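Ready to practise reading a protein model? Work through the exercises below, trying each task yourself before you look at the solution.

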Amino acid sequence: MTEAPISDRAAAIKPSATLAVSGRAGQLRAQGKKVLNFAAGEPDFSPPTAVRKAVADAVHAGPVKYAPVPGTPALRDAVAELMSTVHGRSFSRNEVLVSCGAKHSLANLFLATCNPGDEVVVPSPYWVSYPDMAGLAGATAKFVPTTRADGWRMRPEALAAQLSERTRIVVLNSPSNPTGAGYREDDLQALGEVIEARAPRAWVICDDIYRDLVYGDFSHVSAFKAFSESLGSRVIIVDGVSKTFAMTGFRIGYFVAPAPLVSAASRIQSQTTSGAATLSQAAALAALTDPSVPAEVAAMKEAFTRRRQLVLDGLDPIPGAEALPPDGAFYMFVDVSPHTGPGARHADDIELATWLLEEKLVATVPGTPFGAPGHLRMSYATDDASLTDGLSRIGDALSSLPTA
């Protein structure tokens, strides 16, 4: 029997490595095994009390209808007000598009700005979805290599080498997934000068989803503060409620951009998902506006700060496992290259991560899908006891291995 074909576009898309590991961890748990999941990129906390109340109130208020495609007016106004405060410039409702998560916001933007033959420039290591989003939009991803010695931050000359007239998007993710690296103001100024000189028609997408989850003396810097006014007119800010407010399942993201681009992306959204879920938008509005929320967010951040140090301390004695203290987010990007490759028991990080999951029941994400072979990403968005137990298992496992 002849099978109907799938599109080349679908065939070219790789499944999410993070979701694949989390899925396998779930299967092992269903078999009754005690798996410690350090793969998932979502907080383990409940959303703030006001958020949960807002959902219940919205359910009981009456019929739940479709939301407007670009978002409810109240939520768009709240996003505009917040972004105006954070970025030091005035945004209005017509410069805001609310979508089904920040990933959806990014996908809309890639589709709204890229044509076949365009290029999307991404620092490497990178969040696994950026390259495939570029491909879906008909563009080609180009990577700017970064190193642990440079704090996983792009150097201006490395960025310049990947920019051209064909560059349509430059992605900045600060703090970053998977490395947790953040850009300081002088870093952004230097990168902005290169973008202006080498990519005169490029949009700069600032993926700020981890903006509030920062540690130590690092603070998030708005690209609008660091860039020139002319480059600032090409800046797009992507943000959302998933990480800061522990609202991953509500699927609400948003971006602020010039009104014509918002209108174009809204037309795309109108033919795919339409408006984001009405109840989720009510929850997001509460997250952004209810005065009781900041105290609960601060408590979550305090826990992440403690867990970050717990993981750093736990990794310190493990042979062949090194990581930089992350500036933000909730990931530890661990160099395990001494345990992979010629002379080591495991050929690569994928094989090592698989062994840790199947044999040691610890779920991590290999670095190869992020563009960084020889690394593992560990999420510390889980409880202290699980982290302590998991680090002990990882330490025992790696200590038993020969190194290359």
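## Exercise 1: A strand with two partners

Val-238 has Phe-255, a residue of β8, as its bridge partner. Keep in mind that this is a predicted model.

**Task.** Work out which strands β8 is joined to, and whether its residues are buried or exposed.

**Solution.**
- Step 1: Start from the Val-238 and Phe-255 pair. Strand β7 (residues 235–240) runs antiparallel to β8, and four bridges join the two.
- Step 2: Now look at β2. It also runs antiparallel to β8, again with four bridges. Here Ser-99 is the residue opposite Gly-253 of β8.
- Step 3: Check the faces of β8, which spans residues 253–256. Gly-253 and Phe-255 sit on one side, Tyr-254 and Val-256 on the other, and all of them are buried. Both faces of the strand are therefore covered, given that buried means under 20% relative accessible area.

## Exercise 2: Into the core

**Task.** Find out how many residues the largest nonpolar core has, and follow the contacts of Val-120.

**Solution.**
- Step 1: The largest nonpolar core holds 74 residues.
- Step 2: Pick out the residues with the most contacts inside that core: Phe-110, Val-120, Phe-255, Leu-315, Phe-330 and Met-378. You've already met Phe-255 as the bridge partner of Val-238.
- Step 3: Zoom in on Val-120, ignoring neighbours within four places in sequence. Its contacts include Phe-110, Cys-114, Ala-134, Ile-169 and Val-171.
- Step 4: Don't stop there, as a second, separate core has 50 residues, among them Val-96, Met-154, Val-170 and Leu-231.

## Exercise 3: Hunting salt bridges

**Task.** Three salt bridges involve Asp-57, Arg-93 and Arg-155; name the partner of each.

**Solution.**
- Step 1: Get the overall count. Searching the whole structure turns up 21 salt bridges.
- Step 2: Asp-57 pairs with Lys-53, with their closest N and O atoms 2.8 Å apart. Both are in helix α3 (residues 49–60), four residues apart, which is about one turn of the helix. Asp-57 counts as partly exposed because its relative accessibility is 41%, while Lys-53, at 53%, counts as exposed.
- Step 3: Arg-93 pairs with Asp-77, and again the closest N and O atoms are 2.8 Å apart. Arg-93 is in the loop between α4 (73–87) and β2 (96–99) and Asp-77 is in helix α4, so this pair ties together parts 16 residues apart in sequence. Arg-93 is partly exposed at 36% relative accessibility, and Asp-77 is partly exposed at 34%.
- Step 4: Arg-155 pairs with Glu-157, their closest N and O atoms being 2.8 Å apart. Arg-155 has a relative accessible area of 40%, so it is partly exposed. Glu-157 is partly exposed too, at 48%.
- Step 5: Look for a group as well as pairs. Asp-44, Arg-306, Arg-307 and Asp-384 are linked in a network of salt bridges.

## Exercise 4: An open sheet

**Task.** Put β9, β11 and β12 in their order in the sheet, and say which stand at the edges.

**Solution.**
- Step 1: The order of this open, three-stranded sheet is β9-β12-β11, with antiparallel pairing.
- Step 2: β9 (331–335) and β11 (365–366) are the edge strands; each has a single partner strand, so one side of each lacks a neighbour in the sheet.
- Step 3: Five bridges join β9 to the antiparallel strand β12 (residues 375–379). Within this pairing, Asp-335 is opposite His-375.
- Step 4: Now measure from Asp-335 to Pro-260: the C-alpha atoms are 43 Å apart, and the two residues are 75 apart in sequence. Pro-260 belongs to helix α11 (residues 259–270) and is exposed because its relative accessible area is 62%.

## Exercise 5: The whole chain

**Task.** Decide whether the radius of gyration agrees or disagrees with that of a compact globule.

**Solution.**
- Step 1: Take stock of the elements: the chain has 15 helices and 12 strands.
- Step 2: For 404 residues, a compact globule would have a radius of gyration near 22 Å; the chain has 21 Å, so the two agree.
- Step 3: Add the box. Along the principal axes, the C-alpha atoms fill roughly 65 × 60 × 55 Å.
- Step 4: Finish with burial and contacts. Buried residues account for 54% of the 404. Of the contacts between residues at least 6 apart in sequence, 74% join residues at least 24 apart.

Terms used
Residues are numbered from 1 along each chain as its sequence is written. This is a predicted model: local features need pLDDT of at least 70, side-chain atom pairs count only at pLDDT 80 or more; totals for chains, interfaces and linings use all residues. Side-chain values use heavy atoms; hydrogens and water are left out. A nonpolar core is a set of buried Ala, Val, Leu, Ile, Met, Phe, Trp, Tyr and Cys residues joined through side-chain atoms within 4.5 Å. Buried means under 20% relative accessible area, exposed over 50%, partly exposed in between (1.4 Å probe, protein chains only). Contact means heavy atoms within 4.5 Å. A salt bridge is a side-chain nitrogen of Lys or Arg within 4 Å of a carboxyl oxygen of Asp or Glu. The radius of gyration is taken over C-alpha atoms; the globule rule is 2.2 Å times the number of residues to the power 0.38. Two strands pair if DSSP finds at least two bridges between them.
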